[in-house]
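Take a moment with the sequence and the model before reading on. The walk-through below goes step by step.

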Amino acid sequence: MQSGVGASWHSLLYPTASHGGSGFGGTPPVSPQHERAWVSLEKKAEWLALKFLRVEMDWRQWQPARGVFTWDSQEMRILDRILGWAQRHGSDVMLQCMWHNVDWLAFDEYRADPALVQVSAPGDLDAFAEGWVTLLNELVRRRGFSCIRWITLVNEPNHYWWLVPPDTAARQNRAKQADYLAEALRRVRAALRAAILPVKILGPDYTDLPVITDLE
C-alpha cells in the first residue's frame with residue numbers, strides 16, 4: 001500500500017495446456033500494427049497514476065530450455081515495454097512468475113503431461129534460484145530496470161501452481177507443498193544475496209496453505 005494505487009499488467013500472450021485464468025490476452029504484442037493499442041494502454045496507466053505494478057510472466061518466455069535464454073521473445077518484448085513504462089513513471093514493480101511451464105524445470109513425474117508441466121513446482125531448486133539471478137541480472141543490471149523492487153516466486157501455490165509429486169490437481173499435500181516452497185524461498189534468497197541484487201522476495205502469494213516457519 002505504501003507504493004500507491006496499483007494494478008496487474010500481464011506479459012503473457014498465449015496459453016499452453018490450460019486456459020491460464022486471467023494470465024493471458026490482456027496485452028497486445030509489441031509490433032507496429034499494435035502501437036496505437038500500446039499508446040492507449042500507456043495513457044490509461046498514466047491517467048490512473050499507477051505507482052505499483054504486479055508484472056506477470058512465466059518461465060518459458062525467457063528460458064525455454066536449460067541453458068537457453070530468449071531475451072527477445074514476443075513476451076519478453078512485452079515485459080520490456082511494461083517495465084520501461086514503470087521506469088519512466090517512477091512506479092514500483094513486483095515481478096511475478098505465474099508458473100514455470102517448461103519441461104526441463106518440471107518434476108520428472110509430470111513431464112508426460114503438458115497440463116502437469118505447467119503447474120509443477122520446480123524439480124531443480126538450484127537451477128530455479130540460478131534462473132532468477134540470471135533474469136534479474138538481465139533486467140536490473142543490463143537493462144537498468146531499477147523499478148523492479150520485489151519478486152514473487154509463483155502465483156497461488158494453494159491452487160494448482162505448485163504441485164509436488166505425487167500431488168495432482170484433485171489431491172494435494174498442502175504441508176509438503178509449504179515445506180518445499182519454504183526451501184525454494186531460502187535458495188532464491190541466498191542466491192539473490194550472493195549476487196548482490198537489490199531485489200527482495202515477497203510472498204508467498206497464497207491464502208490458505210499452512211504457515212511457513214523457520215525461514216530465517
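What follows moves from the strands to the core and then to a few single residues.

Keep in mind that this is a predicted model. Begin with strand S2, residues 52-57. How many of its six residues are buried? Five of them are, so S2 is mostly covered under the cut-off of 20% relative accessible area.

S2 has a partner in strand S1, residues 6-10. The two run parallel and are joined by five bridges. Look for alanine 7, which stands opposite leucine 53 in S2.

S2 also pairs with S3. This pairing is again in the parallel sense, over six bridges. Here glutamate 56 has glutamine 96 in S3 as its bridge partner. Now add helix H2, residues 74-89. Together, S2, H2 and S3 make a β-α-β unit, and the unit is right-handed.

Next comes the nonpolar core. The largest one holds 60 residues. Which of its residues touch the most other members? They are Leu95, Trp132, Leu136 and Ile148. Several elements each supply at least two residues of this core. Among them are helix H1 (35-48), S2, H2 and S3. Helix H4 (125-142), strand S4 (148-152) and helix H5 (174-194) do so as well. The largest share comes from H4, with 10 residues.

Isoleucine 148 is worth a closer look. Leaving aside residues up to four places away in sequence, isoleucine 148 touches Leu83, Val93, Leu95, Leu136, Leu139, Val140, Pro198 and Val199. Two of these contacts, Leu95 and Leu136, are themselves named with Ile148 as residues that touch the most other core members.

Return to S3, which spans residues 92-97 and includes aspartate 92. Is aspartate 92 buried or exposed? Aspartate 92 counts as buried, because its relative accessibility is 15% and the cut-off for buried is under 20%. The side chain of aspartate 92 also has a polar contact, at 3.0 Å, with the side chain of arginine 149.

Finish in helix H4, at glycine 131. Glycine 131 has a relative accessibility of 3%, so this residue counts as buried too. What does glycine 131 touch, not counting residues up to four places away in sequence? The contacts are Trp59, Trp62 and Gln63. Tryptophan 62 lies 69 residues from glycine 131 along the chain, yet their C-alpha atoms are separated by 9.6 Å.

How values were computed:
Residues are numbered from 1 along each chain as its sequence is written. This is a predicted model: local features need pLDDT of at least 70, side-chain atom pairs count only at pLDDT 80 or more; totals for chains, interfaces and linings use all residues. Side-chain values use heavy atoms; hydrogens and water are left out. Helices (H or I, at least four residues) and strands (E, at least two) are DSSP runs, numbered from the N terminus. Buried means under 20% relative accessible area, exposed over 50%, partly exposed in between (1.4 Å probe, protein chains only). A polar contact is a pair of N or O atoms within 3.5 Å; within protein, one must be able to donate a hydrogen and the other to accept it, and residues adjacent in sequence count only if both atoms are side-chain atoms. A nonpolar core is a set of buried Ala, Val, Leu, Ile, Met, Phe, Trp, Tyr and Cys residues joined through side-chain atoms within 4.5 Å. Contact means heavy atoms within 4.5 Å. Two strands pair if DSSP finds at least two bridges between them. A crossover is right-handed if, with the strands pointing away from the viewer, the path from the first strand over the helix to the second runs clockwise.
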